[in-house]
Amino acid sequence: MRYCEKPLLNNLIALIVFSFMATGLAVTLTLTDPVPKSIRAAYHTFGVLSFTQGLCTIILTHSAPQCANTTPELYLFSLVLSWACVLSTVFFVIRGCLWMIHRMCPNWFRDASL
């Protein structure tokens with residue numbers, strides 16, 4: 001067999017499209033001050049969709065070990081993207097937890113450092 005049976009290439013194309021959308025959204029957020037609620041909603045919706053795409057990448061890569069023999073470059077790139085999605089998720093979970101701590105106890109850091 002000379003090709004990968006799993007849709008790793010289709011997933012890679014979707015990730016490229018998401019990257020272009022992220023660039024456009026970053027430029028929009030940079031140029032807009034104050035940021036309207038519609039752009040904030042689009043930003044959060046994009047974040048949820050990106051997280052879903054990351055989960056799909058992880059699941060597809062995990063279910064396609066035979067692609068390491070047929071298309072090693074595609075499989076390796078998909079594996080790297082899967083780990084990037086995991087690290088990104090960990091980063092935003094930690095950041096969200098710190099945000100929640102700051103919201104619930106706003107003076108906690110100032111009190112702890114004194």
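So, in what order do the elements of the chain run from the N terminus on? They go α-α-α-α-α. Put as a count, the secondary structure is five helices and zero strands. Before I go further, please keep in mind that this is a predicted model.

Let's talk about overall shape. The radius of gyration of the chain is 19 Å, and the globule rule gives 13 Å for 114 residues, so the chain is more spread out than a compact globule. You can see that in the spans too: along its principal axes, the C-alpha trace covers about 65 × 35 × 15 Å. As for burial, 19% of the 114 residues count as buried. The accessible surface of the chain adds up to about 8,900 Å², and 72% of that belongs to carbon and sulfur atoms. And if you take contacts between residues at least 6 apart in sequence, 71% of them join residues at least 24 apart.

Now, the surface. There's a nonpolar patch here, made of L76, L79, V80, W83, V86, V90, I94, L98, I101 and W108, with about 950 Å² of accessible area together. Where does the largest share of that patch come from? Helix α4, residues 72–104, supplies nine residues. V80, for example, sits in helix α4.

On to the cysteines. A disulfide, as a reminder, is a covalent bond between the sulfur atoms of two cysteines. This structure holds one. Which residues does the disulfide join? C4 and C67, with the sulfurs 1.7 Å apart. The link of C4 and C67 is right-handed, with 65° about the S-S bond. What does it tie together? C4 is in the segment before α1 (8–31), while C67 is in helix α3 (residues 67–70), so the bond connects parts that are 63 residues apart in sequence. Are C4 and C67 buried or exposed? Both C4 and C67 are buried.

Then there are cysteines outside that pair. Why is C56 not bonded to C85? The sulfur of C85 is the closest cysteine sulfur to that of C56, but at 9.9 Å it is too far for a bond. C56 counts as partly exposed, because its relative accessibility is 37%. C105 is in no disulfide either, and the nearest cysteine sulfur, the one in C97, is 13 Å away. With a relative accessibility of 41%, C105 also counts as partly exposed.

That's my tour: helices, a patch and some cysteines.

Methods. Residues numbered from 1 in each chain as written. Predicted model: local features only at pLDDT ≥ 70, side-chain atom pairs only at ≥ 80, totals over all residues. Heavy atoms only, no water. Patch = residues over 30% accessible without salt bridge, like charges linked within 9 Å, V, L, I, M, F, W, Y side chains within 5 Å. Areas by Shrake-Rupley, 256 points an atom, 1.4 Å probe, with all protein chains shown as cover. Salt bridge = Lys/Arg side-chain N within 4 Å of Asp/Glu carboxyl O. Helix = DSSP H or I, 4+ residues; strand = E, 2+ residues; numbered from the N terminus. Disulfide = S-S within 2.5 Å. Buried < 20%, exposed > 50% of the residue type's maximum accessible area, 1.4 Å probe, protein only. Rg over C-alpha atoms; globule rule 2.2 N^0.38 Å. Contact = heavy atoms within 4.5 Å.
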